[in-house]
Amino acid sequence: TPIITDDKVIVPTLSEGIVALSRKCGKRVWCNRDGDRFIGNGTVDNGHIYIGAQGKMFKIDCNSGRTVWCYAFGEAHPQARPTVSAGKLIFGAWDCNLYRIDCQSGRELWRWSNGSKNRLYSPGNVIAQVAQDRVMIVAPDRYMTCIDLNSGAQLWRVKQRRVRESTGISNDGKIFYSKTMDGQMIAIPTDADSYNELWCTDVGWGYDHSFCPLIESDNIIYMSNRRGKVAAVSSSGELVGVAKLANSAANDLRADSSGTIWASFIEGTIWRLKAK
């Protein structure tokens, strides 16, 4: 997914490193080839892009394209976009680990492991949701896990429903949302000391395993499936509606400053949505 800054479009590639193009004319501004196979998504914060390559996480200056630091952690790949919170970076990789590192120095602060030897259960395509000094994730192992933000200690971990990768968080940081593999949306308070469902809403599309994140806008939470449907659920758990927009999975859902939702699909279509 391209990363947009004020004046650049930054594109990770398989063969040419990371390329920055001018938003105005499309001209190449810089190219960084310090990493091998940039196939994951990146995050921009405070003039820098954080993005993973094979076994590494990079901090790159958005203006010059210069690598500020490179944190080498192993052989696996970070796929989802990292999360920046309070000057720290949190990301998962396909090695069964979740990492927290210092954004200034690139130093590892902690790593959490799910205890599995099966890399297919890794949080490699998980966007960590951070609130109330906690980190919350779900991964292909179908567990929901809550981790202390500062120490990396596991607070609780349950396999209550069939959750997998697709999550979101309320704009006020109080509610963690997740999509189940059975076509449900669930809401969990981020300050709970144990697993505590506020509500569970069935949107009616049945089994699904797409990884597209959930997003909240104007007290409506949106999620999508692998067959081109987008569901809207109110913050109280009421189903607002389901729209069939495409025939493929959504890449991502993003909100703009007006509350409008933008959805892009694998088949190459882009939709502009707003709940009525």
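Here are legends for six close-up views of this predicted model.

**View 1. A four-stranded open sheet, β5 to β8.** Let's start with a sheet whose strands line up in the order β5-β6-β7-β8, with antiparallel pairing. The edges belong to β5 (42-45) and β8 (67-72); each has a single partner strand, so one side of each has no neighbour in the sheet. On average, neighbouring strands here are turned by 15° against each other, direction ignored. Zoom in on β5 and β6 (residues 48-53), and you'll find four bridges holding an antiparallel pair. One residue match to look for is V44, whose bridge partner in β6 is I49.

**View 2. Aromatic rings around Y71.** The structure has 10 aromatic pairs, and this view picks out two that share Y71. How do you describe a ring pair? You give the distance of the centres and the angle of the planes. For Y71 and F91, the centres are 6.4 Å apart and the planes sit at 75°, so this pair is edge-to-face. Y71 belongs to strand β8 and F91 to strand β10 (residues 88-92), so the pair ties together parts that are 20 residues apart in sequence. Are these two buried or exposed? Both Y71 and F91 are buried. Y71 also pairs edge-to-face with Y99, at 6.1 Å centre to centre and 70° between the planes. That pair links distant parts of the chain, since Y99 lies in strand β11 (residues 97-102), 28 residues from Y71 in strand β8. Y99 is buried, just as Y71 is. Put the ring pairs together and you get a cluster of Y71, F73, F91 and Y99.

**View 3. Another four-stranded open sheet, β21 to β24.** Further along the chain, the strand order is β21-β22-β23-β24, and the pairing is antiparallel. Which strands stand at the edges? They are β21 (215-217) and β24 (239-244), each pairing on one side only. Neighbouring strands of this sheet are turned by 20° against each other on average, direction ignored. Inside the sheet, β22 (residues 220-224) and β23 (residues 229-234) run antiparallel and are joined by five bridges. To spot a matched pair, find I220: its bridge partner in β23 is S234.

**View 4. The largest pocket.** This pocket holds about 1,000 Å³ of space. It is lined by 36 residues, and the closest to its centre are G42, R81, D252, L253 and R254. Several elements give two or more residues to the lining, including β1 (3-4), β9 (83-85), β17 (163-169) and β26 (261-265). Which strand gives the most? That's β25, with five residues. Sorted by class, the lining has 17 nonpolar, 13 polar and six charged residues.

**View 5. The second largest pocket.** Here the volume is about 290 Å³. Of the 17 lining residues, T1, N41, N125, F211 and N251 lie nearest the centre. The elements that give two or more residues to this lining are β17 and β25. By class, you'll find seven nonpolar, seven polar and three charged residues.

**View 6. The one cavity.** How many cavities of 30 Å³ or more turn up when the whole structure is searched? The search finds one, and the volume of this largest cavity is about 30 Å³. Among the residues lining the cavity are W112, Y121, I137, D141 and R157. The lining divides into seven nonpolar, two polar and two charged residues.

Notes. Residues numbered from 1 in each chain as written. Predicted model: local features only at pLDDT ≥ 70, side-chain atom pairs only at ≥ 80, totals over all residues. Heavy atoms only, no water. 1 Å grid on protein atoms, 1.4 Å probe; cavity = no way out; pocket = protein on both sides within 12 Å on 5 of 7 lines; lining within 4 Å. Points joined across faces, edges and corners; volume = space filled by probe spheres on them. Nonpolar A, V, L, I, M, F, W, Y, C, P; charged D, E, K, R; others polar. Pairing = 2+ DSSP bridges. Axes fitted to C-alpha atoms, helices over the stretch in contact; angles between N-to-C directions. Phe/Tyr/Trp six-rings, centres within 6.5 Å; stacked < 30°, edge-to-face > 60°. Buried < 20%, exposed > 50% of the residue type's maximum accessible area, 1.4 Å probe, protein only.
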